[in-house]
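User: Please take a close look at the largest pocket of this model. Which elements and residues line the pocket, and how do the surrounding elements pack?

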Amino acid sequence: MAVFQAALIAGAPLGHLAWGGQHKVLPPNLRIGSAVSIVLYALFAYIALARAGLAAPLISGTFTDVAAWVLTAYFAVGVVMNGISRSRPERFTMTPVALVLAALYLVLSLS
């Protein structure tokens, strides 16, 4: 997802797959959103690694446990939001991605 967002920032004509699918090439304000997304994805990855015991917890084990559940819910909401997107390509591409991420975070949260 971070590589995809970086491509959007660089001007790749993939905007129809993200941010509601309204733009083929993202305008500057959505490119900023993509940059913020990259930072968030790095944090999400770190939380996953910490929850799996492959990295030290960021703040505490309890924080990591709660954050994993929050991210499970976040990606579950992402399934719904991508599923109702007006952009057909976004629906068919990003809904399965969000579903896989939600499922993976659920497994992490339950472990």
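Analyst: The protein chain has four helices and zero strands in this predicted model. From the N terminus on, the elements run α-α-α-α. Taken along the principal axes, the C-alpha atoms of the chain fill a box of roughly 40 × 25 × 15 Å.

The largest pocket has a volume of about 530 Å³. Its lining consists of 24 residues, and those closest to the centre of the pocket are Gln-5, Tyr-41, Tyr-74, Asn-82 and Glu-90. Two or more lining residues come from each of helix H1 (2–9), helix H2 (28–51), helix H3 (61–83) and helix H4 (88–110). By class, the lining divides into 16 nonpolar, six polar and two charged residues.

The packing of the helices can be taken pair by pair, starting with H1 and H2. The axes of these two helices come within 9 Å and cross at roughly 160°. An angle over 145 degrees counts as roughly antiparallel, so H1 is roughly antiparallel to H2. H1 passes H2 in a left-handed crossing. On the H1 side the contact is made by Ala-2, Gln-5, Ala-6, Leu-8 and Ile-9, and on the H2 side by Arg-31, Ser-34, Ala-35, Ser-37, Ile-38 and Tyr-41. The classes here are seven nonpolar, three polar and one charged. Gln-5 and Tyr-41 thus appear in two places: they belong to the contact of H1 with H2, and they are among the lining residues closest to the pocket centre.

Next come H3 and H4. Their axes come within 8 Å, again with a crossing of roughly 160°. That angle makes H3 roughly antiparallel to H4. The crossing of H3 past H4 is left-handed. From H3, the residues that meet H4 are Ala-68, Trp-69, Leu-71, Thr-72, Phe-75, Ala-76, Gly-78, Val-79, Asn-82 and Gly-83. Their partners in H4 are Glu-90, Arg-91, Met-94, Thr-95, Ala-98, Leu-99, Leu-101, Ala-102, Tyr-105, Leu-106, Ser-109 and Leu-110. Sorted by class, the contact of H3 with H4 holds 14 nonpolar, six polar and two charged residues. Asn-82 of H3 and Glu-90 of H4 take part in this contact, and both are also listed among the lining residues closest to the centre of the largest pocket.

Val-79, in helix H3, gives a local view of the contact between H3 and H4. Leaving aside neighbours within four places in sequence, Val-79 is in contact with Thr-95, Ala-98 and Leu-99. Val-79 and Ala-102 are 23 residues apart in sequence, with a C-alpha to C-alpha distance of 8.0 Å.

The remaining pair is H2 with H4. These helices pack at an angle of about 35°, with their axes 10 Å apart. H2 passes H4 in a left-handed crossing. Phe-44, Ala-45, Ala-48 and Arg-51 of H2 make the contact with Tyr-105, Leu-108 and Ser-109 of H4. This contact has five nonpolar, one polar and one charged residues. Tyr-105 and Ser-109 of H4 meet H2 here, and they are also part of the contact that H4 makes with H3.

To return to the pocket, H1, H2, H3 and H4 each give two or more residues to its lining. Of the residues closest to its centre, Gln-5 and Tyr-41 come from the contact of H1 with H2, while Asn-82 and Glu-90 come from the contact of H3 with H4.

Technical notes
Residues are numbered from 1 along each chain as its sequence is written. This is a predicted model: local features need pLDDT of at least 70, side-chain atom pairs count only at pLDDT 80 or more; totals for chains, interfaces and linings use all residues. Side-chain values use heavy atoms; hydrogens and water are left out. On a 1 Å grid over the protein atoms alone, a cavity is a set of points where a 1.4 Å probe fits but cannot get out, and a pocket is an open set with protein on both sides within 12 Å along at least five of seven lines; lining residues have an atom within 4 Å of a point. Grid points are joined across faces, edges and corners, and a volume is the space filled by probe spheres set on the points. Ala, Val, Leu, Ile, Met, Phe, Trp, Tyr, Cys and Pro count as nonpolar, Asp, Glu, Lys and Arg as charged, and the others, Gly among them, as polar. Axes are lines fitted to C-alpha atoms, for helices over the stretch in contact, and angles run from 0 to 180 degrees between N-to-C directions. Angles under 35 degrees count as roughly parallel, over 145 as roughly antiparallel, 65 to 115 as roughly perpendicular and the rest as oblique. A crossing is left-handed if the near helix is turned anticlockwise from the far one by less than a right angle, and right-handed if clockwise. Contact means heavy atoms within 4.5 Å.
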